Amino acid sequence: MTAETVLDALAEAYADDPAVVEHLLLDLAEARAHADHTRHYPAATDYGRESAAAGLDRAREDLLDVLDLPSTNGVSA
């Protein structure tokens, strides 16, 4: 199964507009990669790490809003 197949299936299953969900999933993946990079990059500043983490949180919230799923914000469901 390819990543595209998973994205398409998730978008079809949970959204009225699959293209929006797929775009947000890609944004989330990019934000996660950036946050991971800054977390492990020795020359990254604390501000850079916090900014990347905040970007990841925003991307996650945007996706949850479109999917109409509750946000966990670190709380177990």
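# Close-up views of a three-helix model

**View A. Residue His23 is located in helix H2.** The model shown here and in the views that follow is predicted. With a relative accessibility of 47%, His23 counts as partly exposed. A second residue to locate in this view is Leu63, which stands 40 residues from His23 in sequence. In space, the C-alpha atoms of His23 and Leu63 are 9.2 Å apart. Leu63 is among the buried residues of helix H3.

**View B. The protein contains three helices and zero strands.** Followed along the sequence, the pattern reads α-α-α. Helix H1 covers residues 3-14, while H2 covers 18-40 and H3 covers 46-67. Of the 77 residues in the protein, 23% are buried. The exposed area of the protein is about 5600 Å², of which carbon and sulfur atoms supply 55%. Among contacts between residues at least 6 apart in sequence, 43% join residues at least 24 apart.

**View C. The largest nonpolar core of the protein consists of eleven residues.** Its members are Val21, Leu24, Leu25, Leu28, Ala31, Ala35, Ala52, Leu56, Ala59, Leu63 and Leu67. Helices H2 and H3 each contribute at least two residues to this core. Which helix gives the most to the core? It is H2, with six residues. In soluble globular proteins, nonpolar side chains tend to be buried together.

**View D. Ala31 is in contact with Gly55, Leu56 and Ala59.** This list leaves out residues up to four places from Ala31 in sequence. Ala31 is one of the buried residues of H2, and Gly55, Leu56 and Ala59 are among the buried residues of H3. Ala31, Leu56 and Ala59 are also among the members of the largest nonpolar core.

**View E. Helix H2 agrees in span with the value expected from its 23 residues.** At 1.5 Å a residue, H2 should span 33 Å, and its end C-alpha atoms are indeed 33 Å apart. The buried residues of this helix are Val21, Leu24, Leu25, Leu28, Ala31, Ala35 and Thr38.

**View F. The buried residues of helix H3 line one face of the helix.** These residues are Ala52, Gly55, Leu56, Ala59, Leu63, Leu64 and Leu67. They are said to line one face because, seen down the axis of H3, they fall within an arc of 170 degrees. The face turned away from this buried side carries the exposed residues Asp46, Tyr47, Glu50, Arg58 and Asp65. The 22 residues of H3 should span 32 Å at 1.5 Å a residue, in agreement with the 32 Å between its end C-alpha atoms.

**View G. Arg39 and Asp36 form a salt bridge in helix H2.** The closest N and O atoms of the pair are 2.2 Å apart. The two residues are three apart in sequence, about one turn of the helix. Arg39 is partly exposed at 49% relative accessibility, and Asp36 is partly exposed at 27%. In the protein, the salt bridges number three.

**View H. Arg49 and Asp46 form a salt bridge in helix H3.** Their closest N and O atoms lie 3.6 Å from each other, and the residues are three apart, about one turn of the helix. Arg49, with a relative accessible area of 27%, is partly exposed. Is Asp46 buried or exposed? With a relative accessible area of 56%, Asp46 is exposed.

**View I. A salt bridge also joins the side chains of Arg60 and Asp57.** The N to O distance is 3.1 Å. Both residues belong to helix H3, where they are three apart, about one turn of the helix. Arg60 has a relative accessible area of 29% and is partly exposed. Asp57, at 42% relative accessibility, likewise counts as partly exposed.

**View J. Asp16 occupies the loop between helices H1 and H2.** Its relative accessible area of 86% makes Asp16 exposed. Asp16 is separated from Leu67 by 51 residues in sequence, and the distance between their C-alpha atoms is 8.8 Å. Leu67 is one of the buried residues of H3 and one of the members of the largest nonpolar core.

Methods. Residues are numbered from 1 along each chain as its sequence is written. This is a predicted model: local features need pLDDT of at least 70, side-chain atom pairs count only at pLDDT 80 or more; totals for chains, interfaces and linings use all residues. Side-chain values use heavy atoms; hydrogens and water are left out. A nonpolar core is a set of buried Ala, Val, Leu, Ile, Met, Phe, Trp, Tyr and Cys residues joined through side-chain atoms within 4.5 Å. Buried means under 20% relative accessible area, exposed over 50%, partly exposed in between (1.4 Å probe, protein chains only). Helices (H or I, at least four residues) and strands (E, at least two) are DSSP runs, numbered from the N terminus. Contact means heavy atoms within 4.5 Å. Accessible areas come from the Shrake-Rupley method with a 1.4 Å probe; for residues, only the protein chains shown count as cover. The expected span of a helix is 1.5 Å times one less than its number of residues. The arc is that of the directions from the helix axis to the C-beta atoms. A salt bridge is a side-chain nitrogen of Lys or Arg within 4 Å of a carboxyl oxygen of Asp or Glu.
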